[in-house]
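Work through the exercises below with the model open. Try each task before reading its solution.

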Amino acid sequence: MKGAFLPLAKASLILVYLVIFAGAAVRMTGSGMGCPDWPKCFGYYIPPTDVEVLTWQPDRTYEKGQMIIHDNALWKAADNFTTTSDYNETNWVKYTKHEYALFNPQHTWTEYINRLCGAVAGLACLAMAISSFWLPKSNRKLIWASWLVVFLMGFQAWLGATVVFSVLNPLKITVHMVMALVIVALIINIIKSAKNQTNIRKHNSTFKVLITVTLALTLIQVILGTQVREYIDEQVKAGITNSYLWLNDPTFSFYLHRSFSILVLVLNFYLFFLNKKLDLGFKNVKWVIILLILEVFTGILMQYFYFPFGSQALHLVLASILFGVQYYLFLQAKKCYYVGERE
């Protein structure tokens, strides 16, 4: 188990990113309410594929908690029972968490797969935490950090439930996204500490400050981008289904998000120039530039080509990967010494 810690930490990071991708797909397809309850989906461990399953039927056995859609509302089976030829309302309890009562099989299974990804990622994080007990006593901080990840994954699952119960409240969606990035940062920190590498890099105070600033700016950009997405969601809810019109009259947050990207791009290009000119040795800076160019490209696609399929999800996933790479650079710069000393 001792040698399993680092591979499990890396697997946990990959799976958390998979959850972020699945969550982006949920938002892109408008599937956030595909499962109106939590942790089950319409009261089932494996959700239905046809609305007939959610329609009351005579001579059918229902288990406690399983749902039907009746009179444009969700109803839960009060106990295990088999229906007769007539509908008996005493067998059912109205679902009161919210009033959303629609079934779309594509939305349901998109959200269900998102939850499955979250469950698998949670199990990987739990395995990582358990394996941390076999680490040397000098790595006690890694044990605490690993179990903190497990706690935050549980908290993230609870946040996901509150998002559903609030019928996709914008603020809760933003907090949900930010918490995912916090978990990413913590796992990256664990991986960096567990590697115990001796890479040598040059120290430069300007680079150290700028990587901190650019990391903060990326996080701000993610939050602003989430607000823009919330505005688009509101447009769709208002009945504007034509993507040509979604940004016809955008809010201030859109202009701020777009203009802010120029500052982020300029500062990161300066970091790239500084790293290359002074030969500082931070190889991952090139990936920051590549990810930024792709991020700007997907942003242009959304604004000027009216949200082609997949562009929103790709934009969000690229931003989360960019944050992860920048955070790793931040950790490297934080513990960086002059050439000739060990890290």
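**Exercise 1. The salt bridge**

Find the partners of the salt bridge and place them in the fold.

Solution. Start with the pair: the side chains of arginine 115 and glutamate 111 meet in a salt bridge, 2.9 Å from N to O. The term covers a side-chain nitrogen of Lys or Arg within 4 Å of a carboxyl oxygen of Asp or Glu. The structure holds one such bridge. Next, place the partners. Both arginine 115 and glutamate 111 lie in helix α2, four residues apart, about one turn of the helix. Helices here are DSSP runs (H or I, at least four residues), numbered from the N terminus. Last, check the cover: arginine 115 is buried, and so is glutamate 111. Buried means under 20% relative accessible area, exposed over 50%, and partly exposed in between, with a 1.4 Å probe and protein chains only.

A note on the model: it is predicted, so local features need pLDDT of at least 70 and side-chain atom pairs count only at pLDDT 80 or more, while totals for chains, interfaces and linings use all residues. Residues are numbered from 1 along each chain as its sequence is written, and side-chain values use heavy atoms, with hydrogens and water left out.

**Exercise 2. The cysteines**

Decide which cysteines form a disulfide, and say why cysteine 125 does not bond to its closest cysteine sulfur.

Solution. Apply the cut-off: a disulfide is a pair of cysteine sulfur atoms within 2.5 Å. Cysteine 35 and cysteine 41 pass, with sulfur atoms 2.0 Å apart. The structure holds one disulfide. Now take its hand. The angle about the S-S bond is -85°, and the link of cysteine 35 and cysteine 41 is left-handed. Cysteine 117 is in no disulfide; its nearest cysteine sulfur, that of cysteine 35, is 13 Å away. Cysteine 125 stays unpaired because its closest cysteine sulfur, in cysteine 117, is 13 Å away, too far for a bond.

Then check the cover of each:
- Cysteine 35 counts as buried because its relative accessibility is 0%.
- Cysteine 41 is at 1%, so it counts as buried.
- Cysteine 117 has a relative accessible area of 14%, so it is buried.
- Cysteine 125 is at 0%, and therefore buried.

**Exercise 3. Arginine 229**

Which residues does arginine 229 touch, leaving out those up to four places away in sequence?

Solution. Locate the residue: arginine 229 is found in helix α5, residues 205–237. Its relative accessible area is 14%, so arginine 229 is buried. List its contacts (heavy atoms within 4.5 Å): Arg27, Met28 and Gln312. Finally, look at the polar atoms. A polar atom of the arginine 229 side chain lies 2.7 Å from the backbone oxygen of arginine 27.

**Exercise 4. Alanine 180**

Is alanine 180 buried or exposed, and what does it touch?

Solution. Alanine 180 lies in helix α4, residues 170–195. Its relative accessibility is 8%, so alanine 180 counts as buried. Beyond residues up to four places away in sequence, alanine 180 touches Val16, Ile20 and Gln156. For a distance check, use proline 136, which is 44 residues from alanine 180 along the chain: their C-alpha atoms are separated by 29 Å.

**Exercise 5. Tryptophan 134**

Where does tryptophan 134 sit, and how is it classed by accessibility?

Solution. Tryptophan 134 is in the loop between α2 (105–131) and α3 (140–165). Its relative accessibility is 47%, so tryptophan 134 counts as partly exposed.

Terms used
Helices (H or I, at least four residues) and strands (E, at least two) are DSSP runs, numbered from the N terminus. A polar contact is a pair of N or O atoms within 3.5 Å; within protein, one must be able to donate a hydrogen and the other to accept it, and residues adjacent in sequence count only if both atoms are side-chain atoms.
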